[in-house]
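Please open the model in your viewer and keep the sequence beside it, since each stop on this tour begins with something to select.

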Amino acid sequence: MSAAAHPPARWRSLLAGPLAVLAVDVGAAPPDPEPRALKSVDVRETRQAPGLLLDAPAPTGSRLGLTLRETPAAVEVVQGEAVRARGDRSLNDAITRLTGFASSATPGNGGTALSARGFAGQGSVMQLYDGTRTYVGAGTVTFPFDPWTVGSLEVLRGPASVLYGEGAIGGVVNVVPKRPTRLQAPVDVYGAIGTDGVAALGLGTGGPIGDRWSSRIEEIQRRG
């Protein structure tokens with residue numbers, strides 16, 4: 001015990017060597033540079049991206065005027081600006097970008113049939129125009145509507161879609177058009193050209209008509 005508490009003299013000299021070197025190294029270290037002032041950071045609140053407006057009303061998912069955040073159902077809303085920014089040429093292109101939706105289009109169903117949650121066809125995934133049901137005739141639904149005129153796409157998935165009657169067990173897609181406005185809207189112009197004769201030209205505007213009426217005019221022509 002005494003040997004452990006008091007090591008021999010030669011051990012004390014070996015242990016003191018590295019400590020002495022360490023002390024010399026620390027003493028020779030260059031002084032720290034003077035602290036520099038950091039640039040200020042300005043944090044501002046930003047609006048949510050199109051398609052993620054959780055506090056906006058979603059009438060497709062509820063009859064009570066609830067917002068997306070409050071609706072106890074799988075509801076998704078995509079603004080028309082986001083649809084057009086993606087370059088979707090048809091409603092099926094835009095809808096099938098949504099979570100859980102796929103196209104089951106064939107010549108026999110008018111090229112507009114969808115599938116969701118294991119259900120497919122016009123009788124299982126319902127399509128609405130501004131909340132109005134489009135009925136199936138001869139197994140097809142003609143839906144002559146272009147993404148250029150879309151104000152928003154609202155989708156409701158699962159059993160809650162039976163709000164719109166029989167046959168909507170897979171889901172509901174509600175196409176909401178651009179709304180008339182009391183303010184004079186600028187003229188929107190859209191043009192596209194591509195290979196294989198693909199071309200498109202779209203125009204749109206809106207504004208007041210007298211003291212009581214509002215208007216919205218949209219026109220789109222596509223080729224190829």
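Begin with the largest pocket of this predicted model, which holds about 210 Å³ of space. To see its walls, select Gln79, Gly80, Glu81, Arg84, Val150, Gly151, Ser152, Val176, Pro177, Lys178 and Arg179, the residues that line the largest pocket. If you colour this lining by class, you should find three nonpolar, four polar and four charged residues. Which elements supply at least two residues each to the lining of the largest pocket? They are helix 3, at residues 80-85, strand 7, at residues 150-157, and strand 8, at residues 171-177.

Before following those strands, show the whole protein chain as a cartoon, where the secondary structure comes to four helices and 11 strands. The chain has 224 residues, and buried residues make up 32% of them. Among contacts in the chain with a separation of 6 or more, 52% are between residues 24 or more positions apart.

Now select the open sheet of five strands, whose order is 1-7-8-5-6 and whose pairing is mixed. Its edges are strand 1, at residues 74-79, and strand 6, at residues 132-133, each of which pairs on one side only.

Walk across the sheet from the strand 1 edge. Strand 1 and strand 7 run antiparallel and are joined by six bridges. Two residue pairs are useful landmarks here: Val75 has Leu156 of strand 7 as its bridge partner, and Glu76 is partnered with Val155 of strand 7. Strand 7 itself is mostly covered, with seven of its eight residues buried.

The next step leads from strand 7 to strand 8, a pair that runs in the antiparallel sense over seven bridges. Select Glu154 together with Asn174, its bridge partner in strand 8, to mark this pairing on the screen.

From strand 8, move on to strand 5, and note the direction of the chain as you do so. How do strand 5 and strand 8 run, parallel or antiparallel? They run parallel, and five bridges join them. Val125 is one place to look, as this residue stands opposite Gly171 in strand 8. Like strand 7, strand 5 is described as mostly covered, and four of the five residues of strand 5 are buried.

Stay in strand 5, which spans residues 125-129, and select Gln127. Is the residue Gln127 buried or exposed? Gln127 counts as buried because its relative accessibility is 6%, which is under the 20% cut-off for that class. Show the side chain of Gln127 as sticks and add the backbone of Thr112: a polar atom of that side chain lies 2.8 Å from the backbone oxygen of Thr112.

The last step across the sheet takes you from strand 5 to strand 6, which pair in the antiparallel sense over two bridges. In this pairing, Leu128 has Arg133 of strand 6 as its bridge partner. The two strands form a hairpin with two residues between them, where Asp130 takes a positive phi near 55°. Most residues other than glycine have a negative phi. Asp130 is partly exposed, with a relative accessible area of 33%.

A second residue with a positive phi can be selected next, in another loop. Asp196 lies between strand 9, at residues 188-193, and strand 10, at residues 199-209, and the phi of Asp196 is near 60°, again a positive value in a residue other than glycine. Asp196 counts as exposed because its relative accessibility is 76%, which is over the 50% cut-off.

Finish with Ala200, which has its place in strand 10. Ala200 counts as buried, at 11% relative accessibility. Which residues is Ala200 in contact with, leaving aside its neighbours within four places in sequence? Select Tyr190, Gly191, Ala192, Gln221 and Arg222 to show these contacts of Ala200. Then draw a distance between the C-alpha atoms of Ala200 and Ile220: these two residues are 20 residues apart along the chain, and their C-alpha atoms are separated by 7.2 Å.

Definitions and conventions:
Residues are numbered from 1 along each chain as its sequence is written. This is a predicted model: local features need pLDDT of at least 70, side-chain atom pairs count only at pLDDT 80 or more; totals for chains, interfaces and linings use all residues. Side-chain values use heavy atoms; hydrogens and water are left out. On a 1 Å grid over the protein atoms alone, a cavity is a set of points where a 1.4 Å probe fits but cannot get out, and a pocket is an open set with protein on both sides within 12 Å along at least five of seven lines; lining residues have an atom within 4 Å of a point. Grid points are joined across faces, edges and corners, and a volume is the space filled by probe spheres set on the points. Ala, Val, Leu, Ile, Met, Phe, Trp, Tyr, Cys and Pro count as nonpolar, Asp, Glu, Lys and Arg as charged, and the others, Gly among them, as polar. Buried means under 20% relative accessible area, exposed over 50%, partly exposed in between (1.4 Å probe, protein chains only). A polar contact is a pair of N or O atoms within 3.5 Å; within protein, one must be able to donate a hydrogen and the other to accept it, and residues adjacent in sequence count only if both atoms are side-chain atoms. Two strands pair if DSSP finds at least two bridges between them. Contact means heavy atoms within 4.5 Å.
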